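Please keep the model open while you read this note. The points below go through it piece by piece.

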Amino acid sequence: MSLQQIVAIKGYIQTTYLAVYPDKLLLLDAGCYSDVEKIISYITETLNRPLDQLKLVMVTHMHPDHAGGAKRLQQLTGCQIATAAHYKPWYNGVTGKLSHLNDLMLTYYVANRQGKHLTYLWYNPKMKADLYVHDGDTIPNFDDWQVLSTAGHTDRDISLWHKETRQVYVADLILKIKAKFVSPFLITLPYVYRESVTKIRDLQPDTVILAHGGFEKLVKEDYNEIIAKAPQKPRKMTILHSIGIMRSQLSFGRKRAQTP
Ligand SMILES: [Zn+2]
């Protein structure tokens, strides 16, 4: 049976999307740990569907606003979890564990900047998925969707392409900030990142669905500008960087305020 609609569910700092079919549901990213209740109530109250209709959560990458709710959703609904196949587990080793803590802190930092209250975000960084997907695979049970490898933001991001309706969910590959399409601050693999944006551009989707944005229409120039402005070297984002950026903005604001 065919896709009825893709609905947006506003999460803690991101938007999570649910692909709705007459008899089943596919979640495009799991949101933060604290978004699980909202997703559950959307399914049971807004859609008036039983929870076991949620068959699969596709996790595009391991960040807290994409993967944080996955295991909890699985416990509550019995859904399967799928993510990109990769030779290294998520947040591998000691540096991986530190990155996980850093990413949780960054989520709080972004939330704070958006005026959100503190919430519980912890999730186990050692997530075991039920299914591991590769570039070009169709999504199990949802074969109208195709997996596209669009790494660069992290070492393993995926996008999800619905060819029939020419819509693609790109997660954090492209962000919309202040009405402009931009690359995410964190770029792990700059060369691969540019290739990934090119891949989406050449797909010529009608609608690009963003985790930090909504259902968007991009023209060739938008993609080309993102590619041109993407960094040449990896761009890291640590909580210390963020605080540094915030401080410099504050002192800039103070200076401006003092300037007649
Ligand atoms: Zn991310």
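1. Start with a hairpin. Strand 13 and strand 14 form it, with four residues between them. Gly213 sits in the turn and has a positive phi of about 155°. Helices (H or I, at least four residues) and strands (E, at least two) are DSSP runs, numbered from the N terminus. Strand 13 covers residues 207–210, and strand 14 covers residues 215–216. The two run antiparallel, joined by two bridges. Val208 has Glu216 as its bridge partner in strand 14.

2. A word on the model itself. It is predicted, so read it with these limits: local features need pLDDT of at least 70, side-chain atom pairs count only at pLDDT 80 or more, and totals for chains, interfaces and linings use all residues. Residues are numbered from 1 along each chain as its sequence is written.

3. Which sheet holds the hairpin strands? Strands 13 and 14 belong to an open sheet of six strands, in the order 7-8-9-10-13-14, with mixed pairing. Two strands pair if DSSP finds at least two bridges between them. Strand 7 (138–139) and strand 14 are the edge strands, and each pairs on one side only.

4. Look at the pairing inside this sheet. Strand 10 (residues 167–171) runs parallel to strand 13, with four bridges between them. Ala171 stands opposite Leu210 there. Strand 9 (residues 158–162) and strand 10 run antiparallel, with three bridges. Trp161 stands opposite Val168 in strand 10. Helix 5 (residues 190–203) packs on the sheet and touches strand 8 (142–149), strand 9, strand 10 and strand 13. Contact means that two C-beta atoms, placed from the backbone, lie within 7 Å.

5. Now the other end of the strand numbering. An open sheet of six strands has the order 1-2-3-4-5-6, also with mixed pairing. Its edge strands are strand 1 (5–10) and strand 6 (131–133), each pairing on one side only. Neighbouring strands are turned by 25° against each other on average, direction ignored. Axes are lines fitted to C-alpha atoms, for helices over the stretch in contact, and angles run from 0 to 180 degrees between N-to-C directions. Strand 3 (residues 25–28) and strand 4 (residues 54–59) run parallel, joined by four bridges. Leu27 has Val57 as its bridge partner in strand 4.

6. Two helices cross this sheet. Helix 1 (residues 36–46) lies across strand 1, strand 2 (15–20), strand 3 and strand 4, at about 140° to strand 1. Helix 3 (residues 70–77) lies across strand 4 and strand 5 (80–84), at about 175° to strand 4.

7. Which residues of helix 1 are buried? They are Val36, Ile39 and Ile43. Seen down the helix axis, they fall within an arc of 75°, so they line one face of helix 1. The arc is that of the directions from the helix axis to the C-beta atoms. A residue is buried if 20 or more other C-beta atoms lie within 10 Å of its own, exposed if 12 or fewer, and partly exposed in between; C-beta atoms are placed from the backbone. The face turned away carries the exposed Glu37, Ser41, Glu45 and Thr46.

8. Is Leu51 buried or partly exposed? Leu51 is partly exposed because 14 other C-beta atoms lie within 10 Å. Leu51 is in the loop between helix 1 and strand 4. Leaving aside neighbours within four places in sequence, Leu51 is in contact with Ile40, Ile43, Thr44, Leu76 and Thr77.
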